[in-house]
Amino acid sequence: MWKEIEAAPADAILGLTEAFKKDPNPAKVNLGVGVFKDDEGNTPILNCIKAAERKLVETETTKGYLPISGNPAYAANVQNLLFGPDSEVIASGRAATIHSPGGTGALRVGADLLKKFKPEATVWVSTPTWANHKGIFTAAGFAINDYPYYRPATKDVDFDAMVGALEAVPAGDIVLMHVCCHNPTGVDLLPEQWDRVVAIAGEKGWTPFLDFAYQGFGAGIEEDRAAVDKFVAAGVDFLIASSFSKNFGLYNERTGALTVVAPTAAEAAVAMSHIKATVRVNYSNPPAHGGLAAGMVLEDAALYDQWIGEVADMRDRIKAMRVALVDGLAARGVEQDFSFIKEQNGMFSFSGLSNEIVAWLKENKAIYIVGGGRINVAGLTTANIDYVCDSIAEALKA
Ligand code: LMR
């Protein structure tokens, strides 16, 4: 059957990791996939998660199926994290949350759900956006269009162009947005810009779909949900895909959530019935372990405080490496100004390095960077920063 079929291209991000693993160069550095690394280059299990897992092993009594939507306590914990425990949305019950296999799983379930009721809609994504966004929504059968976002010349958001495009998005279409730590640029909207976007969504009647994969990697767990609060206050229908891969370090446990916010509890219940139908024909019900561990951390005051501290440590380490990269390049006499990297949020830096430079660095220095120039700043360590700065300086002068 496969004889006449052409092989698919490698994944733009995970394919890089496969190539990296095969690379025999001992100096190799992976700045591709968005995975946190400590200064030793390891992706640690958070101490709060280890503690929860120990407790779990002692207390877990069954590996029976979870409900289709996951553990109800998990959904409640996720809603507290997304909206704050005192939110009106929680009290009124107008949000429906399921435990999804990671943020990608949440996006795909949300996409399949929306396709059922908005078969003709177009999905609008920022220019640029996460390499997998277009793939997920295309796989669900949607047509994709772009709205302007990042302006390379000024390294910020081209907000006028963005507003112009969002005002022209037809009612009923879907607009995908990054709540914080925009992937790949690291450049987020200002609070007043979010106000404008939320107002346009309400006026024009398109559906916001918020990708929230980096809660805690911007300014803090609570601070980073500010845009979510604004959509809640506007009373519009919207969806949120959350991921606990990064902020709980639960990458391989595929732990995330899809939340649908509706104007009333009755509508949220209808949405939930269709989300469950979508999940049942897809993967039936979610894997339990990651959600149970994260749930324990969220419920236990001491573990929660420990988690907040561990997220802050990850955030601070990435900020320190931003500074080391910018200063390291300047110290090597690189003329190009990279100081904007210090201002970007989250794990990534949209470095401005061209695809030619990215290819040169891979070929000659075994430094792996995603096409378009996105650097995983968390992949930099005190052991590899000099090598990376030397290599980029050499590439830019070559
Ligand atoms: C990334 O953008 O590198 C991460 O979200 C991991 C992934 O699945 O692509």
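By buried I mean under 20% relative accessible area, by exposed over 50%, and by partly exposed anything in between, computed with a 1.4 Å probe and protein chains only. With that in place, Lys230 counts as partly exposed, because its relative accessibility is 22%.

A word on provenance before I go on. This is a predicted model, in which local features need pLDDT of at least 70 and side-chain atom pairs count only at pLDDT 80 or more, while totals for chains, interfaces and linings use all residues. Residues are numbered from 1 along each chain as its sequence is written, and side-chain values use heavy atoms, with hydrogens and water left out.

Let me begin with the sheet. Helices (H or I, at least four residues) and strands (E, at least two) are DSSP runs, numbered from the N terminus, and two strands pair if DSSP finds at least two bridges between them. On that basis there is an open sheet of 7 strands, with mixed pairing, in the order β2-β10-β9-β8-β7-β3-β4. The edges are held by β2, residues 95-100, and by β4, and each has a single partner strand, so one side of each is left without a neighbour in the sheet. From one strand to the next the twist averages 20°, where axes are lines fitted to C-alpha atoms, for helices over the stretch in contact, and angles run from 0 to 180 degrees between N-to-C directions.

Now to one end of that order. Strand β3, residues 122-127, runs parallel to β4, residues 143-148, and 6 bridges join the two. Thr122 has Ala143 in β4 as its bridge partner, and Val125 stands opposite Asp146 in β4. Together with helix α6, residues 133-139, these two strands make a right-handed β-α-β unit; right-handed here means that, with the strands pointing away from the viewer, the path from the first strand over the helix to the second runs clockwise.

Next, the charged pairs. A salt bridge is a side-chain nitrogen of Lys or Arg within 4 Å of a carboxyl oxygen of Asp or Glu, and the structure holds 15 of them. Which residue forms a salt bridge with Glu167? The partner is Arg196, with the closest N and O atoms 3.4 Å apart, and the pair links distant parts of the chain, since Glu167 sits in helix α7 (residues 159-167) and Arg196 in helix α8 (residues 191-204), 29 residues apart. Glu167 is partly exposed at 34%, and Arg196 is partly exposed at 40%.

Helix α8 also carries Asp195, which forms a salt bridge with Lys230 in helix α9, residues 226-234. The closest N and O atoms are 2.9 Å apart. Asp195 is partly exposed, with a relative accessible area of 41%.

A further pair is Asp229 with Arg225, at 4.0 Å between the closest N and O atoms. Is each partner buried or exposed, or in between? Asp229 is partly exposed, because its relative accessible area is 33%, whereas Arg225 is buried, at 11%. Elsewhere, salt bridges that share partners join Arg151, Asp156 and Asp158 into one network.

I will finish with Trp2, which lies in the segment before α1 (14-22) and counts as exposed, because its relative accessibility is 61%.
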